[in-house]
Amino acid sequence: MSRSVQQIDQAVGLRIAARRSALGLSQSALARELGVSFQQVQKYEAGANRVSASRLHQVATALGLFGGRLLSRPAGCGRDGESGGCLLYTSPSPRDLSTS
């Protein structure tokens, strides 16, 4: 498989960034929760580094999402996945990382 950035890597990264931003979290705050550097979060968000399945689950949990929400766009959402707040699905009680 090529080391070039894949479309799915970019899409997942954009969804991570959008959700993190919607929660008012910095890359550093998310990085602390994940146990990685903020530079690693930057790379995930840019699609430069692929997010493993276990890390994807960890990110989704940290952002108060159901795991699959970072991978797919539900029916009715625009092609960019952002129309009508489509990125902002939450589990019943999203975690507030800004206090950690």
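User: What percentage of the 100 residues in the protein is buried?

Analyst: Good place to start! Keep in mind that this is a predicted model. A residue counts as buried when its relative accessible area is under 20%. Across the 100 residues of the protein, the buried share is 36%.

User: Which elements does the protein have, and in what order do they run from the N terminus?

Analyst: Let's take the count before the order. The protein has four helices and zero strands. From the N terminus on, its elements therefore read α-α-α-α.

User: How many salt bridges does a search of the whole structure find, and which residue does D9 meet in one?

Analyst: The search of the whole structure turns up two salt bridges. In one of them, a side-chain nitrogen and a side-chain oxygen lie 3.0 Å apart, and the pair is D9 with R50. That fits the cut-off, which is within 4 Å. So the total is two, and the partner of D9 is R50.

User: How many residues apart in sequence are the parts that D9 and R50 tie together?

Analyst: Look at where each partner sits. D9 lies in helix α1 (residues 7-22), while R50 is in the loop between α3 (38-46) and α4. The pair therefore ties together parts whose separation in sequence is 41 residues.

User: Is D9 buried or exposed, and what does R50 count as?

Analyst: Buried means under 20% relative accessible area, exposed means over 50%, and partly exposed is in between. D9 has 12% relative accessibility, so it counts as buried. R50 has 34%, so it counts as partly exposed.

User: Which helices hold R20 and E45, whose side chains meet in a salt bridge?

Analyst: The N to O distance in this bridge is 2.6 Å. R20 is buried, and E45 is buried too. Their pairing ties together parts 25 residues apart in sequence, because R20 lies in helix α1 and E45 in helix α3.

User: Are the axes of α2 and α4 oblique or perpendicular to each other?

Analyst: The axes of helix α2 (residues 27-34) and helix α4 (residues 53-62) come within 10 Å and cross at roughly 120°. Roughly perpendicular covers 65 to 115 degrees, and this angle is outside that range. It is also not over 145, the cut-off for roughly antiparallel, so the two helices are oblique.

User: Which residues of α4 make the contact with α2?

Analyst: From α2, the contact uses L30, E33 and L34. By class, the contact has four nonpolar, one polar and two charged residues. On the α4 side, the residues are R55, Q58, V59 and A62.

Notes:
Residues numbered from 1 in each chain as written. Predicted model: local features only at pLDDT ≥ 70, side-chain atom pairs only at ≥ 80, totals over all residues. Heavy atoms only, no water. Axes fitted to C-alpha atoms, helices over the stretch in contact; angles between N-to-C directions. Parallel < 35°, antiparallel > 145°, perpendicular 65-115°, else oblique. Contact = heavy atoms within 4.5 Å. Nonpolar A, V, L, I, M, F, W, Y, C, P; charged D, E, K, R; others polar. Buried < 20%, exposed > 50% of the residue type's maximum accessible area, 1.4 Å probe, protein only.
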